Amino acid sequence: ARSLPGLIRAEKVQHKAAKVGFDWDDLSGALEKVREETEEVARAADGDGNLSEELGDLLFAAVNVARFAHTDPEQAIQDATDKFVRRFSKVEQAAQKAGKSLTAMSLAEMDTLWDAVKAEENEAEEHE
């Protein structure tokens, strides 16, 4: 149904196609398709192709990887967004603690804070 969220609809369409044999043999085929679509997005961003269409193809291919990985793509994007929000909040806090405003910082400075937050979270996860 077109009324479904896009990621869920893509997964259902792919599952239906897979039932009749129109599918990759394994995860590696789906991953290769993501690589191919990433290259097409890069070319479209450089003016060779329709960027919106290529981004849609990339998202569709990523949903296929999620299907092979037995991962709900909608939950995966929600989790990724939550993680981004949590980390970005910590970046804002770190900048404020250093007496800086994010709007006054360069992207490189913000990336340094991001990397520190990410490393801190990864270290905390390792100790759990």
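Arg87 is a good place to start: in this predicted model, Arg87 counts as buried because its relative accessible area is 7%, under the 20% cut-off. Arg87 belongs to helix α4. Setting aside neighbours within four places in sequence, its contacts are Trp114, Val117, Lys118, Glu121 and Asn122. If you want a distance to check in your viewer, try Arg87 and Thr38: they are 49 residues apart in sequence, and their C-alpha atoms are 25 Å apart in space.

Stay in helix α4 and look for Val91, which also has its place there. With a relative accessible area of 2%, Val91 is buried. Apart from neighbours within four places in sequence, Val91 touches Leu102, Met110, Leu113, Trp114 and Val117. Compare that list with the one for Arg87, and you will find Trp114 and Val117 in contact with Arg87 and with Val91. As for a residue elsewhere in the chain, Val91 and Glu53 are separated by 38 residues in sequence and by 33 Å from C-alpha to C-alpha.

Now follow α4 to its meeting with α1. Two packed helices are described by the angle between their axes and the distance between the axes. For α1 and α4, that angle is about 145° and the axes lie 8 Å apart. Their crossing is right-handed. Which residues in α1 and α4 meet? From α1 come Leu7, Ile8 and Glu11, and from α4 come Pro73, Glu74 and Ile77. Sorted by class, this contact has 4 nonpolar and 2 charged residues, with no polar ones.

Next comes helix α3, which covers residues 51-68. Its length can be checked with simple arithmetic: at 1.5 Å a residue, its 18 residues should span 26 Å, and the C-alpha atoms at its ends are indeed 26 Å apart, so the expected and modelled spans agree. At the N-terminal end, Asn50 acts as a cap for α3, with a side-chain oxygen 3.0 Å from the backbone nitrogen of Ser52. Within α3, the buried residues are Glu54, Ala61, Val63, Asn64, Val65, Ala66, Arg67 and Phe68. These buried residues pack against α1 (6-19), α2 (27-45) and α4 (73-97).

What follows α3? The residue to look for is His70, in the loop between α3 and α4. Most residues other than glycine have a negative phi, and most peptide bonds are trans. His70 has a positive phi, near 55°, although it is a residue other than glycine. Is His70 buried or exposed? Its relative accessibility is 75%, so His70 counts as exposed.

From α3 we can step across to α2, where Glu37 is found. The relative accessibility of Glu37 is 5%, so this residue counts as buried. Leaving out residues up to four places away in sequence, Glu37 touches Glu54, Asp57, Leu58 and Ala61. Two of the names in that list, Glu54 and Ala61, are also among the buried residues of α3. An α-helix has 3.6 residues a turn, so residues three or four places apart point the same way. That spacing is worth keeping in mind as you look at the contacts of Glu37. In another direction, Glu37 and Gly21 are 16 residues apart in sequence, while their C-alpha atoms are 22 Å apart in space.

The last stop is the loop between α1 and α2, where Phe22 lies. Is Phe22 buried or exposed? At 69% relative accessibility, Phe22 counts as exposed, whereas Phe68 in α3 is buried. Phe22 and Glu54 are 32 residues apart in sequence, with 21 Å between their C-alpha atoms.

Conventions: Residues are numbered from 1 along each chain as its sequence is written. This is a predicted model: local features need pLDDT of at least 70, side-chain atom pairs count only at pLDDT 80 or more; totals for chains, interfaces and linings use all residues. Side-chain values use heavy atoms; hydrogens and water are left out. Helices (H or I, at least four residues) and strands (E, at least two) are DSSP runs, numbered from the N terminus. The expected span of a helix is 1.5 Å times one less than its number of residues. Buried means under 20% relative accessible area, exposed over 50%, partly exposed in between (1.4 Å probe, protein chains only). Contact means heavy atoms within 4.5 Å. A polar contact is a pair of N or O atoms within 3.5 Å; within protein, one must be able to donate a hydrogen and the other to accept it, and residues adjacent in sequence count only if both atoms are side-chain atoms. Axes are lines fitted to C-alpha atoms, for helices over the stretch in contact, and angles run from 0 to 180 degrees between N-to-C directions. A crossing is left-handed if the near helix is turned anticlockwise from the far one by less than a right angle, and right-handed if clockwise. Ala, Val, Leu, Ile, Met, Phe, Trp, Tyr, Cys and Pro count as nonpolar, Asp, Glu, Lys and Arg as charged, and the others, Gly among them, as polar.
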